[in-house]
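Here are a few friendly notes to read alongside the model. They cover two helix pairs and two pockets, taken one at a time.

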Amino acid sequence: MVRLRYRPRVDPRPLTNATLLAIGSELTTGATRDTNSGDLAHALAGLGVAVRSLQALPDDLERVRAAIADAVASSDLVMVTGGLGPTPDDLTREAVAAALAEVPVVDPRLAAELRAMFERRALPMPDANLKQAWLIPSATALPNPFGTAPGWWVDRSDGGVVVALPGPPREMLPMWRELVLPRLRARGLGRDQAVSTWRLTGIGESALVVVIGEDRLRAANPTVATYARSDAVDVRITALAEGDRTAGEVLAAAEAALAPALAPYAFARGEETWIDAIGARLAGRSLAVVEVGTGGQVGTLLGAARWFAVGELVAPDTPIASTHADLAASATRARDVAGVACGLAVRARERGGDMAVTVATDIEGRVHRVTRTAFLAGDVGRRRAAITAAAELWMRLGSVDRPEVS
């Protein structure tokens, strides 16, 4: 095991921004998808680090060197994934060394550990693997228990950091979580930041521009961004400390200003899902479901919940589907047969390129039926029909009035 040595060359500077580079022609040709950069960007953003850019690069020494040099000039932290293998097209070490004007040499301890690794497997070590024992003067090695390629931690002469990690996620993620992230935190990572996510239903992303206002959407602090997800529209508010106000105080003021506009549509917060939101309103009660023409999408969305007692899936245009012509009665029957407090019946029918979605609920004897339109038909329409049903159920569970059957 290579012992980590921390050797700052100048006073370390706070790491408040980052550039992420993914190396490998398999990424730029589409043969492999770069999941590493997304995982790292998500983690860094959550820690208050502004990720300035993500870039995939082919196995071309000059292009990788130039990208690393540009990133070093503009970012406190440069994260490089991939290109640490033993083959001639694995060029990350050469590129980092060239970008920093340093010369790599074989580290005897790393070389001995590599040879021992091959000896344990009764295999000869190819000469090509020796490049995985290279280090430059400003780098320390990051052990890799899941592969032969150690990573690099580089203390830059300007007080910033370069980290080079293996490309395979099974090697990259443990090295990131167990070795790199603790050291970054110890170095002073990110800024005082507070984040809140509102999960909305019943409103589209474009309509939110009017609800939130362009001024707020263009503001620098806090930033307000909208994201159309598969199951909701998310509004993410990110606040940084400003003047004598903490990030939490900036966020609280922003949320107070936005709450009147967002609250009517908000069914969940943060990482909460429809299962969490509906489960909170069920408050220990259970649900029985009947689906007609949805392809089982309601079960896919909600079926993992502990409160989901039973589900019946019915294909459209079949004799059994005709028994569910009265959908409100189907919701009541499902509730009674399962012996639970709540019944939900959903029917989806393609109509004019969209999906007509009828949703009936029976919540402890309070029955309601409504028909809505889900955008698009086919599989997308069926998935949106399930969201429509979940939203209607959530709304009815939160109603204090006894609605009339419609």
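1. A cut-off to begin with: helix axes that meet at an angle under 35 degrees count as roughly parallel. Please keep in mind, too, that this is a predicted model.

2. Let's start with helix 2 and helix 6 (residues 169-187), whose axes lie 11 Å apart and make an angle of about 15 degrees. The two helices are therefore roughly parallel to each other. As for handedness, helix 2 and helix 6 form a right-handed crossing.

3. Which residues of helix 2 and helix 6 meet? On the helix 2 side they are N36, D39, L40, A43 and L44, and on the helix 6 side P169, M172, L173 and W176. Sorted by class, this contact has 7 nonpolar residues, 1 polar and 1 charged.

4. Helix 2 (36-46) also turns up in the lining of the largest pocket, where it supplies at least two residues. Strand 9 (193-200), strand 10 (223-228) and strand 11 (233-240) each do so as well. Strand 9 gives the most, with 5 residues.

5. How much space lies in the largest pocket? The value is about 810 Å³. Its lining has 28 residues, and A45, V195, Y227, R236 and T238 are the closest to the centre. By class, the lining divides into 9 nonpolar, 12 polar and 7 charged residues.

6. The second largest pocket holds about 700 Å³ of space. Of the 25 residues that line this pocket, T201, G202, I203, I387 and T388 lie nearest its centre. Strand 17 (366-374) and helix 14 are the elements that give two or more residues to the lining, and helix 14 provides the largest share, 7 residues. The class count here is 13 nonpolar, 6 polar and 6 charged.

7. Helix 14 (residues 378-397) is worth a second look for its packing with helix 10 (residues 274-282): the angle is about 25 degrees and the axes are 9 Å apart. That angle makes helix 10 roughly parallel to helix 14. Is the crossing of helix 10 and helix 14 left-handed or right-handed? Helix 10 passes helix 14 in a left-handed crossing.

8. To find this contact in the viewer, pick W274, A277, I278, R281 and L282 in helix 10, which meet I387, A390, A391, L393, W394, M395 and L397 in helix 14. The residues of this contact comprise 11 nonpolar, no polar and 1 charged. You have already met I387, one of the residues nearest the centre of the second largest pocket.

Key:
Residues are numbered from 1 along each chain as its sequence is written. This is a predicted model: local features need pLDDT of at least 70, side-chain atom pairs count only at pLDDT 80 or more; totals for chains, interfaces and linings use all residues. Side-chain values use heavy atoms; hydrogens and water are left out. Axes are lines fitted to C-alpha atoms, for helices over the stretch in contact, and angles run from 0 to 180 degrees between N-to-C directions. Helices (H or I, at least four residues) and strands (E, at least two) are DSSP runs, numbered from the N terminus. Angles under 35 degrees count as roughly parallel, over 145 as roughly antiparallel, 65 to 115 as roughly perpendicular and the rest as oblique. A crossing is left-handed if the near helix is turned anticlockwise from the far one by less than a right angle, and right-handed if clockwise. Contact means heavy atoms within 4.5 Å. Ala, Val, Leu, Ile, Met, Phe, Trp, Tyr, Cys and Pro count as nonpolar, Asp, Glu, Lys and Arg as charged, and the others, Gly among them, as polar. On a 1 Å grid over the protein atoms alone, a cavity is a set of points where a 1.4 Å probe fits but cannot get out, and a pocket is an open set with protein on both sides within 12 Å along at least five of seven lines; lining residues have an atom within 4 Å of a point. Grid points are joined across faces, edges and corners, and a volume is the space filled by probe spheres set on the points.
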